[in-house]
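Please consider the model shown below together with the account that follows it. The text takes up single residues, helix packing, record annotations and the contact between chains.

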Amino acid sequence: MTEISAPTAVVAAEDAADGEAADWGPLSSLPGNPMMWILILGELAAFGAMFIAFAVTRALDPATFDASQAQLDRLLGGVNTMVLVTSGWLVAVAVRRRALGRSHRVAMLGAMALGGVFLAIKAVEYGDKIGRDLTLETNSFFQLYYLLTGFHAMHVAAGIVILGIVTWWDSLENLETGAAFWHMVDLIWVLLYPIVYLLR
Amino acid sequence: MAILTRTWVMLMLLTAVSMWAGHGTGTLGPLGVGLVLAAATVKADRILTHYLDLHRADGGWRAGFRSLLTLLGVALFGIYVLYPMIGAALR
């Protein structure tokens with residue numbers, strides 16, 4: 001119980017000290033910055049629509065989609081999922097340590113390094129596909145593959161920058177807000193990986 | 001910290017289950033599709049609850065996000081299982 005309520009208590013104390021707690025209506029009960037939750041809802045809706053579009057496009061041409069999907073490296077995609085999930089865990093630990101007044105920078109640096117590993121693995125994947133002439137112009141599967149994974153990879157790159165900023169300017173609210181963005185990126189990938197790499 | 005580590009272990013195990021269920025060639029069938037989607041939905045829910053700290057929010061928010069994820073999972077399951085009919089209807 002203590003470890004769950006501690007961040008809340010510290011944030012509440014910081015808010016009280018600021019003396020300017022904004023009224024966000026129903027969003028006020030959400031942890032961290034409400035603006036980040038608006039972004040999370042928007043991203044979930046956008047990616048959710050793209051996932052449905054991907055599935056419907058496959059229903060129109062399952063043979064092409066299944067043959068194209070077989071060209072992807074499912075193991076590498078799974079390893080990348082584990083890399084991102086581990087990075088998310090390190091960020092969550094960093095926020096908890098910061099709330100308890102303990103050192104958090106090693107965990108944040110580890111999380112950013114794993115974000116870099118994710119992008120490096122993604123670059124290896126793209127290099128392999130492009131080397132085999134599997135590009136945006138190959139078919140609708142690869143158009144959606146590059147669109148979805150590329151859009152997500154841009155979020156990972158932005159997330160690494162955001163984590164760097166909040167590691168430097170490390171108020172608890174900054175750290176929680178940066179962490180929320182990173183967990184959103186993590187959340188989208190755990191949905192994207194099975195849809196693009198596994199389902200058929 | 002223990003809940004964060006337990007959540008991480010669960011996410012890793014569910015990823016391994018997805019990789020196992022989705023490996024090989026040929027269609028997965030309703031059971032395989034259901035297993036992979038259920039694992040993904042539970043993983044997303046755990047990230048929301050314990051990493052994004054949604055357990056601190058009003059019950060309405062938790063129910064809303066959980067409903068959104070479930071709706072997405074059920075819609076995807078329906079499209080993947082009923083794809084011959086959906087494809088025929090849309091062509």
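## Residues, helices and chain contact

A:Ala63 is exposed because 8 other C-beta atoms lie within 10 Å, where a residue counts as buried if 20 or more other C-beta atoms lie within 10 Å of its own, exposed if 12 or fewer, and partly exposed in between, with C-beta atoms placed from the backbone. A:Ala63 sits in helix α3 (residues 62–69) of chain A, and its C-alpha atom is separated by 45 Å from that of A:Gly32, 31 residues apart along the chain. Helices (H or I, at least four residues) and strands (E, at least two) are DSSP runs numbered from the N terminus.

The model is predicted, so that local features need pLDDT of at least 70 and side-chain atom pairs count only at pLDDT 80 or more, while totals for chains, interfaces and linings use all residues. Residues are numbered from 1 along each chain as its sequence is written, and chains are lettered from A and ligands numbered from 1 in the order in which they are written.

Chain A has 7 helices and 0 strands, and buried residues make up 40% of its 200 residues. Of the contacts in chain A with a separation of 6 or more, 76% join residues 24 or more positions apart; two residues are in contact if their C-beta atoms, placed from the backbone, lie within 7 Å.

Two residues that are not glycines have a positive phi of about 60°: A:Asp133 and B:Asp53. A:Asp133 lies in the loop between α5 and α6 (140–168) of chain A and is exposed, with 8 other C-beta atoms within 10 Å. B:Asp53, in the loop between α2 and α3 of chain B, counts as buried because 22 C-beta neighbours lie inside 10 Å.

Helix α4 (residues 74–99) and helix α5 (residues 105–131) of chain A pack at an angle of about 165°, with their axes 8 Å apart. That angle makes α4(A) roughly antiparallel to α5(A). The residues that meet include A:Leu76, A:Val83 and A:Arg97 in α4(A), and A:Ala107, A:Leu114 and A:Glu125 in α5(A). By class, this contact of α4(A) with α5(A) has 15 nonpolar, 5 polar and 3 charged residues. Axes are lines fitted to C-alpha atoms, for helices over the stretch in contact, and angles run from 0 to 180 degrees between N-to-C directions; angles under 35 degrees count as roughly parallel, over 145 as roughly antiparallel, 65 to 115 as roughly perpendicular and the rest as oblique. Ala, Val, Leu, Ile, Met, Phe, Trp, Tyr, Cys and Pro count as nonpolar, Asp, Glu, Lys and Arg as charged, and the others, Gly among them, as polar.

From its unreviewed entries, UniProt lists "transmembrane region" at spans that include residues 75–94 and 144–169 of chain A, and at residues 68–90 of chain B. UniProt positions are given in the numbering used here, feature names are shortened, and annotations may be inferred rather than shown by experiment.

| Span | End C-alpha distance | Helix | Strand |
|---|---|---|---|
| Residues 75–94, chain A | 29 Å | 100% | 0% |
| Residues 144–169, chain A | 37 Å | 96% | 0% |
| Residues 68–90, chain B | 25 Å | 96% | 0% |

The contact between the chains takes 39 residues from chain B and 38 residues from chain A. On the side of chain B that touches chain A, the largest share, 9 residues, comes from α2(B).
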